[in-house]
Amino acid sequence: MRRLFPVTEETAARTPEATGGAQVTGVRPSGGAEGAAGRADLADREWSLDELASAYAYPEPPPGGREPWLRANMVSTLDGAAQHGGRSQPISSDADMRIFGTLRGLADVVIVGAETVRREGYRPARVREAFAEARRAAGQTPASAVAVVSASLDLDFSLPLFTSPLTPTLLLTGAAAAPDRVATAEKAGVRVVIAGDGMGVDPARAVRALADRGLTRLLTEGGPRILGQLVAADVLDELCLTVSPMLTAGDAQRIAGGPSVPVPKRFELASLLEEAGFLFGRYRRT
């Protein structure tokens with residue numbers, strides 16, 4: 001089944017104003033052959049890239065110009081696991097990967113932690129033809145850049161992510177990063193961006209440094225440690241969360257790790273999609 005929730009007669013008629021701004025126009029259940037045919041059509045269809053691009057569009061810029069907007073894209077099982085066997089792929093789905101591609105197709109830059117780069121075998125973002133014209137019209141590069149967050153710079157700079165991206169890979173690090181590692185990264189073609197006074201990266205400074213380079217449509221794919229730092233620094237504007245209909249038990253990480261915040265951060269539901277039992281929620285800061 002493919003749905004935009006809620007789908008009851010009552011909720012399908014609600015306005016965005018009555019529901020805190022969330023997209024709630026849904027499929028209205030109906031009886032008879034026509035209703036059955038409509039439901040069968042929905043069951044056979046996938047969310048198209050055009051529909052997903054509309055559902056996940058970045059906010060329109062204010063009159064003064066575009067400000068940075070940082071969204072995260074994460075997946076979690078029903079029991080809270082963000083990974084299985086150290087990777088997110090086993091708890092993902094085809095629809096989740098289409099949304100993954102859509103979010104990359106809309107973003108200027110993808111922010112990712114060094115550990116996730118190593119675990120997931122990150123490669124450069126590729127050109128997605130479905131978004132090529134829209135990116136040209138918006139003045140974006142053909143493919144989003146990848147910005148790797150690393151204090152130690154313990155990375156293999158001979159990998160394609162660093163040596164052959166369509167858009168040069170960025171490396172977010174601190175001013176105290178080892179000079180020889182910085183030199184190795186730059187030799188490989190990586191653009192090093194200093195976003196902290198010590199070894200580590202200051203999240204707010206990283207967001208501003210990227211925005212100063214014209215990269216305002218920001219997307220982070222984690223991992224949990226990076227997302228936890230962004231949450232703690234209060235710089236996350238939106239969370240795109242896939243809820244996978246799986247149970248894994250075990251001791252896998254949650255989508256965000258690290259120290260807890262003094263007061264829980266409150267987000268509101270902006271939209272909710274469903275396909276094949278997977279839920280795709282989009283939450284924005286209140």
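Which residues does Val207 touch, not counting residues up to four places away in sequence? In this predicted model, Val207 touches Pro68, Leu70, Leu218 and Val235 when those sequence neighbours are set aside. Val207 has its place in helix α9, and it counts as buried because its relative accessibility is 11%, where buried means under 20%. One of its partners, Val235, stands 28 residues away along the chain, yet the C-alpha atoms of Val207 and Val235 are separated by 7.9 Å.

**The protein as a whole**

The secondary structure comes to ten helices and ten strands, and buried residues make up 45% of the 286 residues. Among the contacts with a separation of 6 or more, 68% join residues that are 24 or more positions apart.

**The nonpolar cores**

The largest nonpolar core has 27 residues, and those with the most contacts inside it are Leu70, Val109, Ile111, Leu172, Leu210 and Leu218. Several elements give two or more residues to this core, including the strands β2 (69-77), β3 (109-113) and β4 (145-149) and the helices α9 (203-212) and α10 (224-232); α9 gives the most, with four residues. Apart from this core lies another, of 19 residues, among them Tyr58, Val110, Leu219 and Cys240. Returning to Val109, and leaving aside its neighbours within four places in sequence, one finds it in contact with residues that include Val146, Leu170, Leu210 and Leu218.

**Helix α6 and a buried arginine**

Helix α6 (residues 129-137) has the buried residues Phe131, Ala132 and Arg135. These cover an arc of only 130 degrees around the axis, which puts them on the same side of α6. The face turned away from that buried side carries the exposed residues Ala130, Glu133 and Ala137, while what covers the buried residues includes α3 (49-55) and α4 (94-106). Just after α6, Gly139 takes a positive phi of about 75 degrees.

What is the nearest side chain of opposite charge to Arg135? It is Asp108, at 5.0 Å, and Arg135 is buried yet has no salt bridge. The side chain of Arg135 does reach the backbone oxygen of Ala107 at 2.9 Å, and a polar atom of that side chain lies 2.6 Å from the backbone oxygen of Thr141.

**Salt bridges**

Side chains of opposite charge can pair when their charged atoms come close. A search of the whole structure finds 14 salt bridges, and the table gives some of them.

| Salt bridge | N to O distance |
|---|---|
| Glu238 and Arg71 | 2.9 Å |
| Arg118 and Glu115 | 3.1 Å |
| Arg119 and Glu115 | 3.1 Å |

The pair of Glu238 and Arg71 links distant parts of the chain, since Glu238 is in strand β8 and Arg71 in strand β2, 167 residues apart. Glu238 is buried, with a relative accessible area of 0%, and Arg71 also counts as buried, at 0% relative accessibility.

The pairs made by Glu115 belong to helix α5 (residues 114-120), where Arg118 and Glu115 lie three residues apart, about one turn of the helix. Arg119 and Glu115 are separated by about one helical turn because they are four residues apart in α5. An α-helix has 3.6 residues a turn, so residues three or four places apart point the same way. Glu115 is partly exposed, with a relative accessible area of 40%, as are Arg118 at 42% and Arg119 at 43%. Elsewhere, Glu46, Arg98 and Glu275 are linked in a network of salt bridges.

Technical notes: Residues are numbered from 1 along each chain as its sequence is written. This is a predicted model: local features need pLDDT of at least 70, side-chain atom pairs count only at pLDDT 80 or more; totals for chains, interfaces and linings use all residues. Side-chain values use heavy atoms; hydrogens and water are left out. A nonpolar core is a set of buried Ala, Val, Leu, Ile, Met, Phe, Trp, Tyr and Cys residues joined through side-chain atoms within 4.5 Å. Buried means under 20% relative accessible area, exposed over 50%, partly exposed in between (1.4 Å probe, protein chains only). Contact means heavy atoms within 4.5 Å. The arc is that of the directions from the helix axis to the C-beta atoms. Lys and Arg count as positive and Asp and Glu as negative; His and the chain ends are not counted. A salt bridge is a side-chain nitrogen of Lys or Arg within 4 Å of a carboxyl oxygen of Asp or Glu. A polar contact is a pair of N or O atoms within 3.5 Å; within protein, one must be able to donate a hydrogen and the other to accept it, and residues adjacent in sequence count only if both atoms are side-chain atoms.
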